There are 2 protein chains.
Amino acid sequence: MDETPPGATEPGATEPGATAHGDGPAPPKGTVTQRAIERIKTMIREGSLEPGQRLPAERDLAARLGISRSSMREAIRALTILGVLEARHGSGIYVTRLEAGDLLETFGVVADLSRGPRLVELLELRRILESTATSMAAARITPDRLAEVEKHLTAMNATDDPEQILAHDLAFHRAIVASAGNETMTAVLDGLSSRTFRARVRRGDQEEGAFERTRREHAAIHRALVARDPEAARAAAAAHVGEVERWLRSRREP
Amino acid sequence: MDETPPGATEPGATEPGATAHGDGPAPPKGTVTQRAIERIKTMIREGSLEPGQRLPAERDLAARLGISRSSMREAIRALTILGVLEARHGSGIYVTRLEAGDLLETFGVVADLSRGPRLVELLELRRILESTATSMAAARITPDRLAEVEKHLTAMNATDDPEQILAHDLAFHRAIVASAGNETMTAVLDGLSSRTFRARVRRGDQEEGAFERTRREHAAIHRALVARDPEAARAAAAAHVGEVERWLRSRREP
DNA sequence: CGGCCCACAGTGGTCCGACCACTCCAGTCG
DNA sequence: CGACTGGAGTGGTCGGACCACTGTGGGCCG
């Protein structure tokens, strides 16, 4: 694995005094950092960097690509944010397992930063995915998982602490979605249901007996799962998310 | 907003000899860069940083947060990758309009780097979203947009250049999805249908008269749109993506 | 007088070299 | 044999220097 075309690709070789023209033979594309990011992504895509594998030290890597450590660090940081790499202080840099959860963590950021009409769109997206996932779960859920769902359902109804309720609410849906068997979808829905996102949407919704309504909806979803009725599950889940969606919509158009 | 705890956080003010203990009053959490990222995200969320607005210079920002320019740059780079910020060389750093497209561009990276079973999951995700979007489009599409769809459809059938076909294929679906009226969903599907992703999935599929099949499926989708029949549109789109999905699945289980 | 051009200041992009904080492991000591 | 303690190696942070690009204002030319 000697992708080290010696000093050939050396970027520092920019002709001195090239300020005026010097763009003839060596017109690289984007920024150095951007290129470094692409290089690493390519290495992973091509397979020369396997998931879980440890990368060479920052200093070595920088030298190998012919760029400074600073630029290399920015590239690494970027890939770390994307969930592709993982840096362990004092140990090294590793390629993540590249599982859905690793890569889609950034999805939560979108939900966190979105405002206005986009909140409605995100909720609509969640409605579509969650209803389908719940439907799939109805056909595939295992007894174990169903027991877990029930555990969160009863726990949710047994407390008054909003924090606890929210936590079990999240876990309730999460367990169901996980039963659909599509980890990527689970990761996406995780982002769409992140704590801060829901907290922001729900803010102020708790008034006017929304608790009771939520409880009924959850019960309906649970019933559909027990009955192994995909259509009923889809409808119940869609109605559940749709309720929040409707409320949010009405709130934006007085 | 007094994010200037006086000289306390001043970097140069690091207590001499604090190496051994001095951890009483200032036990910050993650890395400096991570904190900087959170700070900026919070500023945006709270509204003190509006979309399109220009940020202070890197040097100023670094000084304001009491960190070095290098660390600040890494934070900025991270947010740039996430599509939250946009750096213009020589001009300044700006907050993006925070539209779905900006924030979800990273979604394409996921598709690019995923392999194995995850490819199937991504395709399943696309099937769910695209079928729903196509269904919605059937009910809402405008004559203008429908004309655009037809344009790409005929152009696609009129050439033999795989490059051209792929381009029009993408545009075909894109125009339809856009008609569903949910920009966030459009952005997600864009990522799920990115050039490299599809190219990778399709590789080798072109043999055995897949062209004809694709053509028929596209025609079916178009017919459903013209008839403004949501159910038919959903079915046609699901079948279309499902075909590729099925092929990919069979390929992975000999 | 009006429009073009250039120099300049400001900004992001890159690089360097140093030091700190942490992890890991091997060699040592009890 | 096990717990402890170094040191080597690695990522994290820092500060300063210089380059490349942009935007603008003043001066020059027509």
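This is a short tutorial dialogue on reading the chain interface and the DNA contacts of a predicted model.

User: Happy to start with the two protein chains. How many residues of chain B are in contact with chain A?

Analyst: A good habit is to begin with contact counts and then turn to area. Here, 45 residues of chain B touch 45 residues of chain A. The area buried between chain B and chain A comes to about 4,100 Å², and carbon and sulfur atoms give 62% of it. On the chain B side, Glu74(B), Arg77(B) and Leu113(B) lose the most area to chain A, together 16% of what that side buries.

User: And how do I read the polar part? How many salt bridges does the rule find across the interface of chain B and chain A?

Analyst: For a salt bridge, look for a side-chain nitrogen of Lys or Arg within 4 Å of a carboxyl oxygen of Asp or Glu. The rule finds six across this interface. One pair to display is Glu74(B) with Arg73(A), whose side chains meet at 2.7 Å, N to O. Polar contacts between chain B and chain A number 16 residue pairs, both residues at pLDDT 80 or more.

User: Which helix gives the most to the side of chain B that touches chain A?

Analyst: Mapping interface residues onto secondary structure answers that nicely. Helices supplying at least two residues each include H1 (32-46), H3 (69-81) and H9 (183-192) of chain B. H6(B) gives the most, with nine residues. By class, this side of chain B has 22 nonpolar, 10 polar and 13 charged residues.

User: What rotation superposes chain B on chain A?

Analyst: To read symmetry, check the rotation angle together with the shift along the axis. The rotation is 180° with 0.1 Å of shift along its axis, at an RMSD of 0.1 Å. That is the relation of a two-fold axis. The copies meet through the same surface, because 100% of the interface residues of chain B are also interface residues in chain A.

User: Now the DNA. Which residues are closest to DNA strand C?

Analyst: List the neighbours, then separate backbone from base. Of the 28 residues that surround DNA strand C, the closest are Val32(A), Ser71(A), His89(A), Glu58(B) and Arg69(B). Sugar and phosphate make up 60% of the strand's atoms that come within 4 Å of the protein. On the backbone, a phosphate oxygen is 3.1 Å from a side-chain N or O atom of Thr33(A). Among the bases, a nitrogen is 2.9 Å from a side-chain N or O atom of His89(A), and a base nitrogen is 3.2 Å from such an atom of His89(B).

User: How does the surface near DNA strand C divide by class?

Analyst: That surface has six nonpolar, 13 polar and nine charged residues.

Definitions and conventions:
Residues are numbered from 1 along each chain as its sequence is written. Chains are lettered from A and ligands numbered from 1 in the order in which they are written. This is a predicted model: local features need pLDDT of at least 70, side-chain atom pairs count only at pLDDT 80 or more; totals for chains, interfaces and linings use all residues. Side-chain values use heavy atoms; hydrogens and water are left out. Contact means heavy atoms within 4.5 Å. Buried area is the accessible area (1.4 Å probe) that two parts lose on being put together, summed over both. A polar contact is a pair of N or O atoms within 3.5 Å; within protein, one must be able to donate a hydrogen and the other to accept it, and residues adjacent in sequence count only if both atoms are side-chain atoms. Helices (H or I, at least four residues) and strands (E, at least two) are DSSP runs, numbered from the N terminus. Ala, Val, Leu, Ile, Met, Phe, Trp, Tyr, Cys and Pro count as nonpolar, Asp, Glu, Lys and Arg as charged, and the others, Gly among them, as polar. Copies are superposed by least squares on the C-alpha atoms of residues with pLDDT of at least 70 in both. A residue is near a molecule or strand if one of its heavy atoms lies within 4 Å of it.
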